[in-house]
Amino acid sequence: MPDFSRVLCAVDLTDPSRRALDCALWWARQHGADVSVLHVRHLPPPPADSAGIAGDVTTPAPEPVPVAAPLLTPDQRAERLLELEAFVHDARTDGLQVEVLLDEEATVAGAILARADALAADLIVIGAGTHTTSDHPALGRVSAGVLAGAPCSVLVVPPPAPDVANPCIGGVNRIMCAVSLSQASVHALECAASLAGQSAAQLTVVHVVEFFSEVAALAYDFDAHREARLQPACDELVALVAMVVGRHRPVEEIVAQGTASREILKLAVEESADLIVVSRGSGAGARAGGRHTGQAVARDARCAVLFVHAEAPVPMLDQEPLHGAERRDAPASGAHGLTPQEPRRR
Amino acid sequence: MQDQVIVRVDLPDTTAADVMMQVHQTRLLIAAGPAGAAQLLKHLEGDGHVVYRRDRRTGGFFRSVLLPDGVNVDEIKATMHDGVLVVTAPGKDRDA
């Protein structure tokens, strides 16, 4: 059962962060959590020419220099806190324990992470903060920084738009959990299954098999190679769902092929998912549920994305005794899904 | 001498009447229930990113399986017994 009793929501007093705040308050209400709302006043770094080049061989590394912008005076700080409190109390806070916090740091993501650590937060809620300053939209720098270093789970909320799901209004009816079949996936799926149970939501578990990086090397028999990877993926997904969710609870299992983030996003739209759940920073790289895939999903998702923090190691699937017993009783060709056998001679 | 491919699918609470199979290009498509049929249709329309789908709520099932070279698709046979679908795809005679 996931514990989300301490929620930290980072806001920058914009409309997108208001949606993040609404989601944080809604989430806290669902889980009986306390909420800390943090605004970090960004202190710009000093001009480059004022400090020289740190570490330059001809210039000794300078002593730490004060940031360019001065800290707020007590009066300015009190005024900014009032502004923050007004922002928070415009939202629905009834029945919730909410505190507002104001920090001033040169690194916003670092300040959020430090607060999360100090508060022992179970969940950080933050807006996706996507921007399009380059040719390709990217996850906001602050959001990406928080995702990279968070000591807990992170809920990334997309900016409000007509086609973006708003759990604060419609609740969570459909949860999609994207798994990489790694150890971290077990935590993500446990969390997704628990949330689905609490919300009486439909649960879909997705695994994407990626081939694009192997095409060149395997062009001589790509179809056979693809099939050799797809079948084990189907079997592993079935086994993972059976172990974590159980065999009889309503759940949908999907194995797709393609680029993980693209397929997850496509399926989330097809399934009208209100929430996507992935594991956070499993080191799986581009695999589904891995850090890079997760960030790409959070960047373009039309619903909130929950990155589940894996706190403790869990048994690997092939070490699970329940399945060992079940597999002994299963037909040699597999009890779940289907198992094509290699061509054989008569 | 010939090769054959055998595919087994566990489809509890499904009757033979609910199962659809089709060979499309080099793949054998198997579907059960309306949700599976919808997925099969999408696959035929060119949207082949989903290769396996099982929905315990609706009983829908879909699976796309690559058929190796040399399979005689005109002789594919399937039986359904106790919720287990067995599809047998014989190979072409090597000497033919």
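Here is a walk through the complex, from overall confidence to chain A and then chain B.

What you are looking at is a predicted model, and the predictor gives the complex an ipTM of 0.89 along with a pTM of 0.82. For chain B, the mean pLDDT comes out at 88, with 94% of its residues at 70 or more. Within that chain, confidence bottoms out in strand E1 (residues 3-10) of chain B, where the mean is 86, and peaks in strand E4 (residues 50-55) of chain B, at 95.

Let's take chain A by its domains. The domain assignment splits chain A into domain 1, made of 1-43 + 65-160, and domain 2, covering 164-334. Where the two touch, domain 1 of chain A puts in 21 residues and domain 2 of chain A puts in 18 residues. On the domain 1 side, the elements giving two or more residues are helix H1 (15-31), helix H4 (141-149) and strand E5 (153-157) of chain A. E5(A) supplies the largest share of that side, with five residues. As for chemistry, the domain 1 side that touches domain 2 of chain A has 18 nonpolar residues, two polar ones and one charged one.

Further along chain A, have a look at helix H8 (residues 260-270) of chain A. Its buried residues are Ala260(A), Ser261(A), Glu263(A), Ile264(A), Leu265(A), Leu267(A) and Ala268(A), so the list includes a glutamate. Just past the end of H8(A), Ser272(A) adopts a positive phi of about 55 degrees.

Over in chain B, a good place to start is the hairpin of E2(B) and E3(B). Strand E2 (residues 19-24) of chain B runs antiparallel to strand E3 (residues 27-32) of chain B, and the two pair over six bridges. One of the pairings to pick out is Met20(B), whose bridge partner in E3(B) is Ala31(B). Two residues sit between the strands, and in this hairpin Gln25(B) takes a positive phi near 55 degrees.

Now move to strand E7 (residues 84-90) of chain B, which is where Leu85(B) is found. Why does Leu85(B) count as buried? Because it has 21 C-beta neighbours inside 10 Å, and 20 or more is what the label requires. Leaving out neighbours within four places in sequence, Leu85(B) is in contact with Val9(B), Leu11(B), Val19(B), Ala78(B) and Met80(B). Take Val9(B) from that list: Leu85(B) and Val9(B) are 76 residues apart in sequence, yet their C-alpha atoms are 5.0 Å apart in space.

Note on methods. Residues are numbered from 1 along each chain as its sequence is written. Chains are lettered from A and ligands numbered from 1 in the order in which they are written. This is a predicted model: local features need pLDDT of at least 70, side-chain atom pairs count only at pLDDT 80 or more; totals for chains, interfaces and linings use all residues. Domain bounds come from an automatic or database domain assignment. Two residues are in contact if their C-beta atoms, placed from the backbone, lie within 7 Å. Helices (H or I, at least four residues) and strands (E, at least two) are DSSP runs, numbered from the N terminus. Ala, Val, Leu, Ile, Met, Phe, Trp, Tyr, Cys and Pro count as nonpolar, Asp, Glu, Lys and Arg as charged, and the others, Gly among them, as polar. pLDDT is the predictor's confidence in each residue, from 0 to 100. A residue is buried if 20 or more other C-beta atoms lie within 10 Å of its own, exposed if 12 or fewer, and partly exposed in between; C-beta atoms are placed from the backbone. Two strands pair if DSSP finds at least two bridges between them.
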